[in-house]
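Thanks for asking me to look this one over. Could you open the model beside my notes as you read?

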Amino acid sequence: MLGTVQGLAAGQPPQSSFATFPPLPTGVSSVTVLDSQGRYVGRIPPQNRYWASLERIPSFLQQALLAVEDARFYEHSGLDYRSIARAAMKDVLKGRMAEGGSTITQQLIKNKFLTSARTFDRKLEEAKLALEFEKQYTKQQILEMYFNEIYFGNGAQGIVQAARLYFDKSPEELTEGECILLAGVPKNPSRYNPFGKPVDVAGRRDVVLKRMEDLKLISTQRKLALQAHGAATRPLGQAPQYLAQIRAQLIGRLGAEAVEQGGLEVIAAMDLDLQKAAEKTLKDGVKRLSPGLQGALVCLDPTTGDVLAAVGDAEGVPGAINRAFVSRRQPGSAIKPLIFAAAMEKGLTAASLWSDDPVAYDAGNGQVWKPQNYGREQFGELSLRQALAHSNNIITVKVLEAVGVPAFVEFAGRMGLSLHAQNGLSLALGTDEVTLKDLVQVYTPLATGGMKAEARTILRIYDRRRQVWIENPPVVSQVLSPAASFVTTQMLKDVLTYGTAKSLHRFSQAHSSAGKTGTTDDGVDAWFVGYTPNLLTGIWIGYDQPRSGGKGFTGGTVAAPIWERFMNKVVTSRPAMDFARPETVVTRSIDPATGLLAREECPQKQDEFFISGTEPAETCTRHGAAPPLPVEATP
C-alpha cells in the first residue's frame, strides 16, 4: 500500500494541479422548481464532483474543523502522539480498539486508500502512510484534499457537494453559522449532517463552538451569538421522483451541461396540493396492505397532459427507484381498453355478442397456447360491454385476433404506447412492459373525445442568466374518433358499477367516471387507471422483485381502493362535468340477449350507444316474433 501512495505522489502534477476533480466553476447553482401556482417545490442541485481550492474554503470553516478534529494539525508530522497516547489509554480501559487519535492526515489516508476496519494492523498501516503522505504534500494541500474528499452525509462527497446540498451555496458563500454545522459532520456524517435530527445537530454544533472557545479562536460572546442565530438549511424539497423526471426532461431539452450549470427556474405542471394528497394516500394505502410492498401514482389533466401529481416511491425516499416514470411492468388487463377502442373503430359494437368458449393457438415449436379467464371460469356468451366490464380474457384475445395484431400495434402506437408485435395475441393480456406514466397517458384519448395529450411535467423555464422564458406548450393531437372514444368510455363506466372495480360503485354514482383494472399472472402486479372528464389517475402496486401478492391481490381489490381515496380528496379541485357525447353517436334500445333492436315482448331492454352506422338494423327474433309460416310441399 505504501508503494501505491508513493507512486501516486510521484506521478502528481505540480502542486497547483494535484486535484482529482475539475475545479468548481463560478456561477454554478441549483435548478429551482415551483409548482403551477408558483409555490416552492424543491431544487435540483448539480450532480458532478468539483474541487474547491483552499482559498475558496472559508478560513472560519478551516479553523472550526481543525479545532474539533485535529487542533495540532500544523504542528505534527502526520501523527499526533499526544492524541495517540490518550486513545491508547481509552483502548486499555475499554478493552477494544477505538478510533480516537486520528489526525486529519490519517483520516484522509483511511478515506482514500484503506478500509474502515478497526484493527491494529490497519491502524499501523494508516500511520505509516500518513508519515509518508506528509513528506509528499504540504499541510495546505493535505487540508485541501481532506475538504474535497471527506464524506458529509446524504451522498455529499466533499465540501462542494455539501455546501450545495445543505445550503445551496458554493463554499466561499458559507456563513459562519453554516461553517460550524459542516465542521461537525465528519465525526459521524449520518448523525450530524445538517438534515439530521435537530437535537443531534445542535449538540454537535455546541461541541464545535466550545472547542473553538477553549482554543481561544472565538470569544464567549461570539459563541453565544452563533448558538442563538445558528443557520438554516435549504432542503431539497418534496416529490423526489417528480423532480428526477424534471431533471431528465431538462437534460433532454437543454443538455446536461446547461442543467449542471443551473441558473434555471422551472414552473412545473404539478399542483402541490394534489401532490401532497397523492404522497399521503399512496403511503397510507400501501402501508395497510403488506410490508415490503411498493407503489406508484400518476395523476394527469387529460386535456393538457399536465402531470398534476406523481409519486414514484411509497415512502418518498430520495434516490429511490422511479416507479412512476421509469420502472416497466406488465399492465395486465389495463391494456384492454385500447383493444376494445380499436374494435369500435373497426366496426364492432358494445352490443356485439361473443363466446368465451375455449380456444387454442399455435405457439410455435409444437406448443399450443390456450388463454384462460382469471379464475379459469367461463361465462359463455357475453356482449363486448360485459366482456370488458368483467375483464374476460378469452373474448379479448378473440377481439384482438379480429382486429389483427399488426393493426393493433399500429393503433396503440398512435395512441401513445409502443408495443411489440412479436408478442402476438398475448398482447391482449398485457404481456408487454410499460411505465405507469405511459399507461396513464394512453388513456387521455378515452377521456377527451380522442385527443391524445403527451404527459408534461414542465410548463415553462426561466433562464436567469439570459433573462428569457422558454415555453413548453401542450402537445395534443387527435388519434381516435370522438365516437369510438365516447363509446369505449361508456363501456368502461360499467367496470366501476358491476365489473372488476365494482367497489367504486358509490364513487361512480357521485362522479362521472370510468376506468380499468389490471392484474398480471399470479397477482404480481396490480393496476387501476381511472378518469373523470378532467382528472386521470393511475395506480400501480407490487413488489420491486416481482413476486405474487397472494390470494386476492388484484387491481380491483388493491389498487382501486387507493385510487378512490385519492380521487375523493382531489376531484373537487376540478369542476363537475360529464363526458361530451359527439353527434356521431346514436342510442338504440336493444335486447341485451341478442344485441338486436328490442321488441315490446323482450323481457329485458337496454339503451346502448353505437357509432353512427354500426347500430343494428334488425329487430329481435327471439321474443314475440311470429313463427314462420309452414312451407307447403309441392305436389
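Here are my points, from the whole chain down to single residues.

1. Please keep in mind that this is a predicted model. The protein chain holds 23 helices and 19 strands. Its radius of gyration is 33 Å, whereas the globule rule gives 26 Å for 635 residues, so the chain is more spread out than a compact globule. In keeping with that topic, the C-alpha atoms fill a box of roughly 130 × 55 × 45 Å along the principal axes.

2. Now to burial and contacts. Of the 635 residues, 53% count as buried. If you take the contacts between residues at least 6 apart in sequence, 69% of them join residues at least 24 apart.

3. On the outside, the accessible surface of the protein chain comes to about 28400 Å². Carbon and sulfur atoms account for 52% of that surface. As for charge, the chain has 69 positive and 65 negative charges, and their mean positions are 8 Å apart.

4. The interior deserves a moment with the viewer. In soluble globular proteins, nonpolar side chains tend to be buried together. Here the largest nonpolar core has 119 residues. Within this core, the residues with the most contacts are Tyr242, Ile246, Phe408, Tyr443, Tyr531 and Ile541. A second core, separate from the largest one, has 50 residues, including Trp51, Ile104, Phe133 and Met145.

5. How much of helix 15 is covered? This helix runs over residues 336-346, and nine of its eleven residues are buried. The buried set is Lys336, Pro337, Leu338, Ile339, Phe340, Ala341, Ala342, Ala343 and Met344. You may like to colour these in your viewer and notice that a lysine, Lys336, is among them. Just after helix 15 comes Gly347, with a positive phi of about 115 degrees.

6. Next, some backbone angles to check. Most residues other than glycine have a negative phi. Arg376 is not a glycine, yet it has a positive phi of about 60 degrees. Arg376 sits in the loop between strand 8 (367-369) and strand 9 (381-383). Its relative accessibility is 62%, so Arg376 counts as exposed.

7. Where does Gln467 lie? Gln467 is found in the loop between strand 11 (458-463) and strand 12 (468-471). Its phi is near 55 degrees, again a positive value in a residue other than glycine. Is Gln467 buried or exposed? With a relative accessibility of 61%, Gln467 counts as exposed.

Terms used
Residues are numbered from 1 along each chain as its sequence is written. This is a predicted model: local features need pLDDT of at least 70, side-chain atom pairs count only at pLDDT 80 or more; totals for chains, interfaces and linings use all residues. Side-chain values use heavy atoms; hydrogens and water are left out. Helices (H or I, at least four residues) and strands (E, at least two) are DSSP runs, numbered from the N terminus. The radius of gyration is taken over C-alpha atoms; the globule rule is 2.2 Å times the number of residues to the power 0.38. Buried means under 20% relative accessible area, exposed over 50%, partly exposed in between (1.4 Å probe, protein chains only). Contact means heavy atoms within 4.5 Å. Accessible areas come from the Shrake-Rupley method with a 1.4 Å probe; for residues, only the protein chains shown count as cover. Lys and Arg count as positive and Asp and Glu as negative; His and the chain ends are not counted. The place of a charge is taken as NZ of Lys, CZ of Arg, CG of Asp or CD of Glu. A nonpolar core is a set of buried Ala, Val, Leu, Ile, Met, Phe, Trp, Tyr and Cys residues joined through side-chain atoms within 4.5 Å.
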